[in-house]
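Colleague: I should like to examine this model term by term. Please set each value against its definition.

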Amino acid sequence: MTTQEQLHQWHELAQQLRIDSIRATTIAGSGHPTSSMSPADLMAVFLSNYLHYDFDNPHNPNNDRFILSKGHAAPLLYSMYKAAGVITDAELLSLRQRGSRLEGHPTPVLPWVDVATGSLGQGLPVGVGLALAGKYLDQLPYNVWILLGDSETSEGSVWEAFDHAAHYTLDNLIAIIDVNRLGQRGQTELGWNTQAYANRARAFGWQAIEIDGHDLAEIDQAFSAAVSINDRPTVIIARTKKGKGVSSLEDLGGWHGKALKPDAEKQAIAQLGGEHQITITVNKPETQAQPATIATPQPLQLPNYNKGAKVATRRAYGDALKALGAAQPQVVALDAEVSNSTYAEDFAEAYPERYFEMYIAEQQMVAAAVGLQIRNYKPFASTFAAFLTRAYDFVRMAAVSRANIRLVGSHAGVSIGQDGASQMGLEDLAAFRAVWGSTVLYPCDANQTAKLVEQMSDRNGIVYLRTTRESTPVIYGADEQFPIGGSKVIRSSDQDQATVIGAGITLHEALKAYDHLKNEGITVRVIDAYSIKPIDVQTLHQAAHDTEGNLVVVEDHWSEGGLGAAVLDAFAGSGDLSSYDGPQLQVIKLAVRDMPSSGTPDELLHAAKIDADAIVEAVKAQIRQPVGTAAAIATPSSL
């Protein structure tokens, strides 16, 4: 039973969290003090009594995990860290300053922050991944706590998480919704209708508890009930007031994202009882166990494919992933209900305890991968390349989180054929190249795919592999190496008049064009640019130097942002690239420019002018032009 002394201590701590949120934002001149004040009572009880966390060892596998999904309430989180004694008051007051660890929204620059938040609707989906790790992989009794804002429950990704958490019976997942009624521009959709939130959660199979979020005894009872439930996830729906405790702010619109001026700050602090300097000892995990041993590593035996055989790179991905699963027990796989097309089903059949079906919920899939990697697993998540765009914000935020995830997009480009434009991932290379610190790979044959999948497992950051629906000839031996950042010059001579650069499906078109041109007495260099980011700058520069600057880039992708853009960037002379000092560049970019329709793969490659015929025409047009007279970049329409 809660004692009066406990209630008093929690009240005093809650007031300190509010005061410190105000102080930090006033000095910063910006931030979200009122959003930080509404859940202060909830967090005071949580920090004092329910969080089990070793702040001296953030990587302790037994630690509870806490995600502030409403990341704009970062001042509250930092005030909690001050109360826990892990940051100083001086650091607290460095909020939002250049060089401070206390950014405007939380990031893992701080060792106690597992994932960056601030793009709303992401904390609970990532929490699902963490809870999957805890229940099914670590098999440890830690809880995963998520504090959400009421506004962000309008995001569909939140309900993907509600669905998947119940499906996987994640009784170690506890969500807290801070229902303070006010969003950025006024009242939220449901206001204080906590019953509506509860009904929705229960419909998804959750235990829902409605409370007064400022009643400390009710909060304690709700948290106690949540940690004792062992058959479903729990959501605590807490009715609160934005700006709680300060009459000039409480439950008033127009204060979202606004810091108080110094005079108003003084009045608010006085109304909250004056500055406090409370430091509490956070409970450490009671259990000190190691994660379960899922499997014993076996020697890696990548699949081998015979030269000349026709094998889809998506097939090779499935084979390689299965082999990697035997060698690395940390490898886990996720898919969005297309595993029989991506061939992730092979991994699922071999290692069902390490495979998580995400159904048609690509946002949840990427978020779960982020959650799993927090616990040091190596997630591979796959779906059609076109559908990964639905989860792009999660990919972007994963980079902010410094997450290490591996994403695989199959069925990319017009070469998928009859399914039509809605299924053709034609934006993926541009999208993933634009992600900070990303790696973008596009293999052309099965042996190359297997070697790249092996390297993906130990590659940091966001790693994207593009695979092809069509079966393509195996052109490399199983012993060939494909370092990330490299390329392969697969046709060359001292008389090369132009360089053709392809990747994936277009590499095979380039080889057909090579044979056609050779029969006409024209020799070209052919480069397989399987590593699109980082791209092999040195080889491209050498080729341009050797072939009078004549480059033809061909890609099964929109003309913007893909392989052609990557090649041009290699010559742009940015500070981290070696400068190019060869002949004047004359670059032709062959790419998809018109909206494709249904048709056979060969018909669509030809219609898009990215097949062997188009390459032959481009090379002939290029070498006919005297050096210095061609445009720097020519397009098919100008040929």
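Colleague: How do the residues of the lining of the largest cavity divide into nonpolar, polar and charged?

Modeller: Ten are nonpolar, none is polar and two are charged. The model is predicted, with pLDDT of at least 70 needed for local features and 80 or more for side-chain atom pairs, while totals for chains, interfaces and linings use all residues. Residues are numbered from 1 along each chain, and side-chain values use heavy atoms, without hydrogens and water. Among the lining residues are F46, D64, R65 and W112. Asp and Arg count as charged, Phe and Trp as nonpolar.

Colleague: What makes these residues a lining of a cavity?

Modeller: On a 1 Å grid, a 1.4 Å probe fits at the points of a cavity but cannot get out, and lining residues have an atom within 4 Å of a point. The largest cavity has a volume of about 100 Å³. Helix α4 (74-83) gives the largest share of its lining, three residues.

Colleague: Which element gives the most to the lining of the second largest cavity?

Modeller: Strand β1 does, with three residues; F66, I67 and L68 are among the residues of that lining. The volume there is about 70 Å³.

Colleague: Why is β4 called an edge strand?

Modeller: β4 (207-212) pairs on one side only. The sheet order is β1-β2-β3-β5-β4, with parallel pairing.

Colleague: What makes β4 and β5 paired strands?

Modeller: Six bridges join β4 to β5 (234-239), one of them linking I211 with A238. Pairing needs at least two bridges found by DSSP, so the six between these strands satisfy the definition. A strand is a DSSP run of E of at least two residues, a helix one of H or I of at least four.

Definitions and conventions. 1 Å grid on protein atoms, 1.4 Å probe; cavity = no way out; pocket = protein on both sides within 12 Å on 5 of 7 lines; lining within 4 Å. Points joined across faces, edges and corners; volume = space filled by probe spheres on them.
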